[in-house]
Amino acid sequence: MNEVELLNWVRGPGLNIAIGIFLLGTIWRLFEIYSLGRKKDLSAPRHTAGASGWNTIARRSLAPPGMLKRSPISYIGGYVFHVGLAIVVFLFAPHIELIENLFGLSWPALPSQVVDLATVVTLAAMVLVLVDRINKPVKRYLSTVEDYFTWAVTFLPVLTGYMAVKHLLLPYTTMLALHILSVEILLVVLPFTKLFHVFTLFMSRWYNGQANAHKGVPV
Amino acid sequence: MSASLDKGVAVLKEMIDAPIASYFESCVHCGLCAEACLFYTETGDPKYTPIHKLEPLRRIYEQEYTLLGRLAKLVGLSKPVTDDELEAWKELVYNSCTLCARCSLVCPVGNDIVYMVRKFREGMAVSGHAPDGLIGAVTRTIEIGSPMGVKLPAVQAQMKHVQDETGIEIPMDKEGAEYMVMLSSMEIMNFPEYLGAIAKIMKQAGKTWTLCSTAFEATNAGIQIGVSDLAKVIVNRIVEGAERLKVKTVISPECGHAYTALRWDGANLIGRPYTFKVLHILEVLDEFRSQGLLKTEGFETTRMTFHDPCQLGRRGGVVEQPRNLMNMVTKDFVEMDDPGKYNWCCGGGGGVSANEEAEELRLEVFKIKKRQLENVGAKTMVTACANCRIVLEEGLEHYQMDIPVVGLTELIAEHLAPDK
Amino acid sequence: MSRRPTVAEQLARQGVSRRAFLKFCAAAASLMALPPSMAPAIAEALGKLRRPSVIWLSFQECTGCTESLTRSHTPTVESLIFDMISLDYHHTLQAAAGTAAEQAREDAMKEAGYLVLVDGSIPTRDGGIYSTIAGVTNLQMLKDALANAAAVVSIGTCAAYGGIPKADPNPTGAKSVQALMDEGLVPRKPVINVPGCPPIPTVITGVLAHYLTFGEIPELDSLGRPTMFYGDSIHDRCYRRPFYDQGMFAKTFDDEGARKGWCLFELGCKGPTTHNACATTKWNNGTSFPIESGHGCIGCSEPDFWDAGSFYTALSAPADPLTLATSATVAGAAIGVGMSFVNRAKKGAAKSGHETATLKDLEK
Ligand code: SF4
Ligand code: SF4
Ligand code: SF4
């Protein structure tokens, strides 16, 4: 298989398969998880302003008091790489083009220099959180192969994307193909690894927020 | 005796629900929950990371309720949970967790970890992996009526003692009283001042109240050990007593877990809403205060601070009330770092104080309270949980800190304005 | 058979001056990216050459490649090249027809060492009956022609990679020359691919000149293309590249950006993945190339360019990625709902089998 065949495969059948598996996995897993149901809380509720599932969905994006100091890399590195990913994925012109192609939705892109910068910063932040995972005893203790694997499948699309745009190492065609391929791998594994938190985290926050809001505690 | 792994797994299958599934699926292994847990922050041992305390539960969830987990178990990729493993986890699930819920407050993906620890204990207990101290406590509560083995005559002796001292009659089994007052055996045994304080306050407020001869003990060791069936037996005594006496409100004593058991878990255990209200004594006092029924005089001038019992503040939503009350009677009230819902646990909740195996660790993690106290320079510590109070006293003694610990109700009672 | 005249003799006979010939050689040298000092050497090599016999086989094709070749200006390097070879069979260009034409081919094949040029792909389905010449299938004809050939030059994307006849659903089972060799359907000989739909005329002649000059196959890339013409991508040499680098893209064919000559990437330009000499050699006697006239590159010198999604879909955009979406969603929902029933049953069984825990259940 040469690079053009590879590119055509990843843009064509490969992407079809990846999106297929992604959708299949996501829907299956969401059903599997949320159909387990939960019991209604029969105790008399207490009402407090600012306590609700929705509040917690928003509030948990901020570091609770004292936590930033205890684990700065987790928070700063985490914010930077999540925001960076969002910028790179959703504000890069060719990506918007793609979304418009698929769903007809479009919005203004950031200048490519800004996206370039965001990419480099994102990559740096990801390396930083990886180093932190290896260095920090708690993180190292909790980490399994999956943690390193999911890191890699998240890192690679950003790296190959950057290298394709910047014509580094391999010809553009090959890099673009590898970039799309790495995104496909990401899509395929997402529903079956901890990366699934991109969906479940909202419900998790909501459950926690809602259960504690019942007691009048804004968590 | 009939505990077994099968029983444990069966119970866990009942317990696992959508929130638990969602929490396990969401965890990104960031380790931030460790930074919120005093057992990790004070020991630096990563095994005390809250989410790690649930590892066997996670595997059971995956193997029982996810397709991939079932397949992995089928082909031997995922090993079933064993008795030995659960025995090894006993230390993590019971000795090093006070159900304080600080972890549930910080997890960035929103996991309510303490919710899972509480449920995991259900399986641990009936598979025979609960600590002896807690088994003893729950056995005494079921068989004798209180975890410390206090029986009605001991309460009656207390009543008489308080009556003699204060000259106020202590009502027992008075039908139709507005409030039914509960005690914790710690109060009966160690802090007799509490009953006297209640008597004075009720008298001043002009409220009718009563004790109940069949339900005076509010604590619920069934919740702490994690056996809902037993917790239900215990809470039922109170429900029956309250309904028999037709009281409007049952007052939980200064005991965090008693409050949680009665206020939040009780209705779910008996499977129906209560016909009465449940309030913590601090909620009642604050209500009296705002209605002008609570009159105090004079102020404490020493520097005082308030320790929020986890089950009252973070788990119970009673945060404002103690502050209002503190300000009624103190001049130099200072907050420790991380007050209110962020407060650090005394280290003895969730049954840890009843568990001798955990004593050494409990004293070790008390360092956090020690630091907090030193930072704020308080000379007296006020709290509103008899269990916190004992644990704090032991901790302070262990670290040779000469700081008295008092109950807030008692402190208020000391400042009650004399009858006009 | 009489001795073939050398190229020099042939040129002299046709009245081409040595000066004109050297000029051609200099052009050929520059085309092949050789220093101008190589021109005399080329002239000498070519001059001494016997005009080698060339058989041009046109199979499943549109004659575009031949048209391209003939659309060249005078004095044409192309015509010179053709004076240098003995084009013994080309059924479009030759005067002879019918049996006479086929006879010429058979004669040429008698002396081994000739060069075979192929344009068009070869149908293989149903015994290759979808394209025949004089009752002979293309497949058979190629097989015969290759038997004694020195090398084969696949002219155009059809011969090189299958091209449009091979495009999905490929009803005739069309294959490229290389593919047939790889499958053992025709004798294996050295192959030079000169893809393009059609290829640039000077590229065709340049490749031939190289072969004739050096008597060997030029350096090829992984797709069998001479790197001297196909080494760079269109994008590497595109004069609109500065706009690409600055992210200035035309969004429609008649917007401000299009008028200002901004990059055509978002309008589907396949320049970044296409290797060809259009951007440097250009077309129509060096007049321009598609991007210069405002249309993106369609990637015609790459395999399967026809099946690589719309010409107007940006390279970064997928061809048609949601074809499996509906069935995947349904399948996912089926597994999920299935699991939810299984799980509910399991949880229900655990609940109904619940034995109320007593104090006895706390110890083993
Ligand atoms: S509830 Fe408290 S003690 Fe238990 S794991 Fe969480 S933070 Fe630690
Ligand atoms: S804080 Fe939450 S996401 Fe992070 S390790 Fe703990 S449970 Fe997992
Ligand atoms: S017009 Fe095409 S070849 Fe030219 S720079 Fe843009 S994308 Fe590249």
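**Entry 1: a threonine in chain A**

I began with a definition: a residue counts as buried when its relative accessible area is under 20%. I note also that the model I consulted is a predicted one. I looked up A:Thr56 and found that its place is in helix H2 of chain A, which covers residues 53-59. Is A:Thr56 buried or exposed? Its relative accessible area is 0%, so A:Thr56 is buried.

I then looked for the surroundings of this residue. A polar atom of the A:Thr56 side chain lies 3.1 Å from the backbone oxygen of A:Val219. Apart from neighbours within four places in sequence, A:Thr56 is in contact with A:Arg205, A:Gly209 and A:Val219. I recorded that A:Val219 thus appears both in the 3.1 Å pair and in the list of contacts.

**Entry 2: chain A as a whole**

I next listed the secondary structure of chain A, which comes to ten helices and zero strands. From the N terminus on, I wrote the elements down as α-α-α-α-α-α-α-α-α-α. The C-alpha trace of chain A spans about 65 × 40 × 40 Å along its principal axes. Chain A has 219 residues, of which 52% count as buried. I also looked at contacts in chain A with a separation of 6 or more: residues 24 or more positions apart account for 69% of them.

One loop of chain A drew my attention. A:Leu169 is found between helix H8 (145-166) and helix H9 (172-189). Although A:Leu169 is not a glycine, its phi is positive, at about 65 degrees. A:Leu169 has a relative accessibility of 75% and therefore counts as exposed, the cut-off for exposed being over 50%.

**Entry 3: helix H1 of chain B and its two partners**

Two packed helices are described by the angle between their axes and the distance between the axes. I looked up both values for H1(B).

I took the partner within chain B to begin with. The axes of H1(B) and helix H9 of chain B (residues 113-126) come within 7 Å and cross at roughly 160 degrees. H1(B) and H9(B) are therefore roughly antiparallel to each other, since angles over 145 degrees are classed in that way. The crossing of H1(B) past H9(B) is right-handed. From H1(B), the contact is made by B:Lys7, B:Gly8, B:Val11, B:Leu12 and B:Met15, and from H9(B) by B:Lys119, B:Phe120, B:Glu122, B:Gly123 and B:Val126. I sorted the residues of this contact by class and obtained five nonpolar, two polar and three charged.

I then turned to the partner in chain C. The axes of H1(B) (residues 5-15) and helix H17 of chain C (residues 325-352) come within 8 Å, and they cross at roughly 120 degrees. That angle makes H1(B) oblique to H17(C). H1(B) passes H17(C) in a left-handed crossing. Which residues of the two helices meet? B:Ala10, B:Lys13 and B:Glu14 in H1(B) meet C:Lys346, C:Lys347, C:Ala350 and C:Lys351 in H17(C). By class, I recorded two nonpolar, no polar and five charged residues in the contact of H1(B) with H17(C).

**Entry 4: a glutamine in chain B**

I located B:Gln291 in the loop between helix H17 (281-290) and strand S5 (300-307) of chain B. Its relative accessible area is 45%, so B:Gln291 is partly exposed. B:Gln291 and B:His29 are 262 residues apart in sequence, and their C-alpha atoms are 49 Å apart in space.

**Entry 5: chain C**

I looked up C:Asn193, which is found in strand S9 (residues 191-194). With a relative accessible area of 2%, C:Asn193 is buried. A polar atom of its side chain lies 3.0 Å from the backbone oxygen of C:Leu223. Not counting residues up to four places away in sequence, C:Asn193 touches several residues, among them C:Ser154, C:Tyr161, C:Leu223 and C:Tyr230.

I then searched the backbone of chain C for cis peptide bonds. One of them joins C:Asp168 and C:Pro169, with omega about 5 degrees. C:Pro169 lies in the loop between helix H9 (163-166) and strand S8 (174-175). The peptide bond from C:Cys197 to C:Pro198 is cis as well, with omega near 0 degrees. C:Pro198 is found in the loop between S9 and helix H11 (201-214).

My last item was C:Thr63, in the loop between strand S1 (53-58) and helix H4 (64-70) of chain C. C:Thr63 is not a glycine, yet its phi is positive, about 70 degrees. At 21% relative accessibility, C:Thr63 counts as partly exposed.

Definitions and conventions. Residues numbered from 1 in each chain as written. Chains lettered and ligands numbered in written order. Predicted model: local features only at pLDDT ≥ 70, side-chain atom pairs only at ≥ 80, totals over all residues. Heavy atoms only, no water. Helix = DSSP H or I, 4+ residues; strand = E, 2+ residues; numbered from the N terminus. Buried < 20%, exposed > 50% of the residue type's maximum accessible area, 1.4 Å probe, protein only. Polar contact = N/O pair within 3.5 Å; in protein donor to acceptor, adjacent residues only side chain to side chain. Contact = heavy atoms within 4.5 Å. Axes fitted to C-alpha atoms, helices over the stretch in contact; angles between N-to-C directions. Parallel < 35°, antiparallel > 145°, perpendicular 65-115°, else oblique. Left-handed = near helix turned anticlockwise from the far one by under 90°. Nonpolar A, V, L, I, M, F, W, Y, C, P; charged D, E, K, R; others polar.
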